[in-house]
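Reader: Hey, could you walk me through the side-chain contacts in this one? I'd like to go topic by topic.

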Amino acid sequence: MWERQVRYFPFYLGAFFVLFSAIFVLGNYQGHGGDFGHYITLARNLMLGRSWDHLVSGYPSYLPGYPALLVIPTAIFGVNFYVYAVINSILWAGCSIAAFYYFKDQFLYKATPYIFLIGVLFVPFLISFQQKAIPNILYATAVMLALFISRQFSAGKFHPGLAVIVLIPAIIRSEACGLYAALIAFFVLQRRFKLCALPIAGLILSISINLFLALNYEVISFFNLANRFMWGASNEEFDFIRQVQAHIFMFSNYLFGFGQLLFPHGFFGSSNTWHIVIASDLSVNFGPIQFLLTAIFGFGIFKHRNYLSLDKIFFVSHMALLSAYLLLHEPGGLPLRYLTPLLPIYIFYLIYGLEYGMALIKLPMRPVTNSILLASIVIGFLAFAVPSYMGEPARRNVVSTSEMRALADWLSENMGKRVVGYYKPRVMTMLLDIRSESTLQGVGIRSIENAEMLLNTGGIVVIRKAPLYNQETLLEYLQNEKNVNLLWEDQMHAVFAR
């Protein structure tokens, strides 16, 4: 009886995480980001039988996996961010349980895998991030399943039905190219050459979907975007040394950036006291805690010994891909959400490093005492870090507020066939599309030139009263323009037209 309960204990923990999140963290919230509006619009396009690029033309060619997942809940509940967030919680529980079984037999003590599972489930960043209606958690879950199944295949346990699961990441995120490159390298090192056909098929599938969408709809291929970023990192003239410097810059920032995912929100705001100068305009900022975490992670990798294990190859491949694709991109800060698929691997080597370090100290304690001490460290840390993510930013809301609903309702009744401009156009377009089938694709308003261009073509400009993306400057400019009319205003927004 006890053995049966222990066997299902990971699933009990996963269910507890979902219930904890659904009751104490999640709600009908959504923040400033524009990506979620894009995915919800794509889901509605699939649900309503519209063109794939309807209301999102000119944007990157997002893959159909996540929008397809959103179709059923959207058809049943409408656009409901709470439902999307609960789905993310279930997915992250699945990812954590898959990671538990992937690493289960590699710890020193029997209890450590369960400590690891708790650490992955309740990683502080994910407490907040699961609220976002974007595909990173779905992709992380698909990746962890693909790694687990692929390692089984390399041990001679091939099953055609499971092979299909390995191909799922190819329809979710373009970063799957890094996963399949890692799988090819792993199978070659294992001399399982026939199995290479599976990741090669995944690569072909991912590239084909990207090209199909870019060639048949008005969207931009991710490979085109990557090419732009690489040239941008070289200041529009390809410079090999500059490229290498930029890669090192991004890779190092991401490696130290893991600390921001584990600690309370805003913890590292003023503690990044050290920096490494890579080039005149490229320096990596970090602090002693981030350095310590990276050292423990490195120690865990060193003591694990199997330097060519599948998880290590994927870790390096994914980090290298991010460093190449996002070269000096997103000046507002590192998009740490792209590290989500690597979090279980990072946490494993972090805990393994702690576990091995405790074993090396050779304290006069039994293994069970060591496990209790390790559990106290992990759970005590989570008790310190997790609460900061249970309020804001997890509960920060922009889209579902009464002010935003009132604005969207007024616009849907008064915009007619006019284009609406907003600093987050995909968010506004999604809100208006829910209310009116005649909605036109919105445009971004982040400069006076943007606003003037839209006003001159008969459009409507919506300004958010907040100190971001030049909104305050734009508000003052439009209020003082003689031939611009204020159509509607409240505490949060002002609507202008000519």
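Author: Sure, we can go through aromatic rings, charged pairs and a surface patch. One thing up front: this is a predicted model.

Reader: Noted. Rings, then: how many aromatic pairs does a search of the whole structure find?

Author: The search turns up 39 aromatic pairs. One of them joins phenylalanine 107 and phenylalanine 348, with 5.0 Å from centre to centre and 75° between the planes, and that pair is edge-to-face.

Reader: Where do phenylalanine 107 and phenylalanine 348 lie?

Author: Phenylalanine 107 is in the loop between α4 (81–103) and α5 (112–121), while phenylalanine 348 belongs to helix α15 (residues 343–361). The pair therefore ties together parts that are 241 residues apart in sequence.

Reader: Is phenylalanine 107 buried or exposed? And what about phenylalanine 348?

Author: Phenylalanine 107 counts as buried, at 9% relative accessibility. Phenylalanine 348 is buried too, with a relative accessible area of 0%.

Reader: Got another ring pair? What is the geometry for tyrosine 422 and tyrosine 423?

Author: Their ring centres are 4.9 Å apart and the planes sit at 65°, so that pair is edge-to-face. The cut-off behind that label is an angle over 60 degrees. Tyrosine 422 is buried, with a relative accessible area of 1%, and tyrosine 423 counts as buried at 1% relative accessibility.

Reader: Cool. Cation over ring next: which residue lies over the face of tyrosine 102?

Author: That's arginine 151, at 3.9 Å from the ring centre of tyrosine 102. There's also arginine 446, which lies over the face of tyrosine 469 at 3.9 Å from the ring centre.

Reader: Switching to electrostatics. How many salt bridges does the structure hold?

Author: Eight salt bridges. Among them, aspartate 35 and arginine 426 meet through their side chains, at 2.9 Å from N to O. Aspartate 35 lies in helix α2 (residues 35–48) and arginine 426 in helix α18 (residues 425–435), so this bridge ties together parts that are 391 residues apart in sequence.

Reader: For my protonation setup: are aspartate 35 and arginine 426 buried or exposed?

Author: Both aspartate 35 and arginine 426 are buried. Arginine 173 and glutamate 175 also meet in a salt bridge, at 3.0 Å from N to O, and both of those residues are buried as well.

Reader: What does glutamate 452 form a salt bridge with?

Author: With arginine 498, and the closest N and O atoms are 2.9 Å apart. Glutamate 452 is in helix α19 (residues 448–456) and arginine 498 is in the segment after β7 (493–497), so the link spans parts that are 46 residues apart in sequence.

Reader: And how do they come out on accessibility?

Author: Glutamate 452 is buried, with a relative accessible area of 16%, whereas arginine 498 counts as partly exposed at 33% relative accessibility.

Reader: Which residues are linked in a network of salt bridges?

Author: Arg44, Arg50 and Asp433 are linked that way.

Reader: Last topic, the surface. Which residues make the nonpolar surface patch?

Author: Tyr8, Phe9, Phe11 and Tyr12 make that patch, which covers about 390 Å². Phenylalanine 9 lies in helix α1 (residues 2–24).

Reader: Why does phenylalanine 9 count as partly exposed?

Author: Because its relative accessibility is 36%, and partly exposed is the class between under 20% for buried and over 50% for exposed.

How values were computed. Residues are numbered from 1 along each chain as its sequence is written. This is a predicted model: local features need pLDDT of at least 70, side-chain atom pairs count only at pLDDT 80 or more; totals for chains, interfaces and linings use all residues. Side-chain values use heavy atoms; hydrogens and water are left out. Patches are made of residues with over 30% relative accessible area and no salt bridge: like charges are joined within 9 Å, nonpolar side chains (Val, Leu, Ile, Met, Phe, Trp, Tyr) within 5 Å. Accessible areas come from the Shrake-Rupley method with a 1.4 Å probe; for residues, only the protein chains shown count as cover. A salt bridge is a side-chain nitrogen of Lys or Arg within 4 Å of a carboxyl oxygen of Asp or Glu. Helices (H or I, at least four residues) and strands (E, at least two) are DSSP runs, numbered from the N terminus. Buried means under 20% relative accessible area, exposed over 50%, partly exposed in between (1.4 Å probe, protein chains only). Rings of Phe, Tyr and Trp (its six-membered ring) pair if their centres lie within 6.5 Å; planes under 30 degrees apart count as stacked, over 60 as edge-to-face and the rest as tilted. A charge sits over a ring if NZ of Lys or CZ of Arg is within 6 Å of the ring centre and within 35 degrees of the ring normal.
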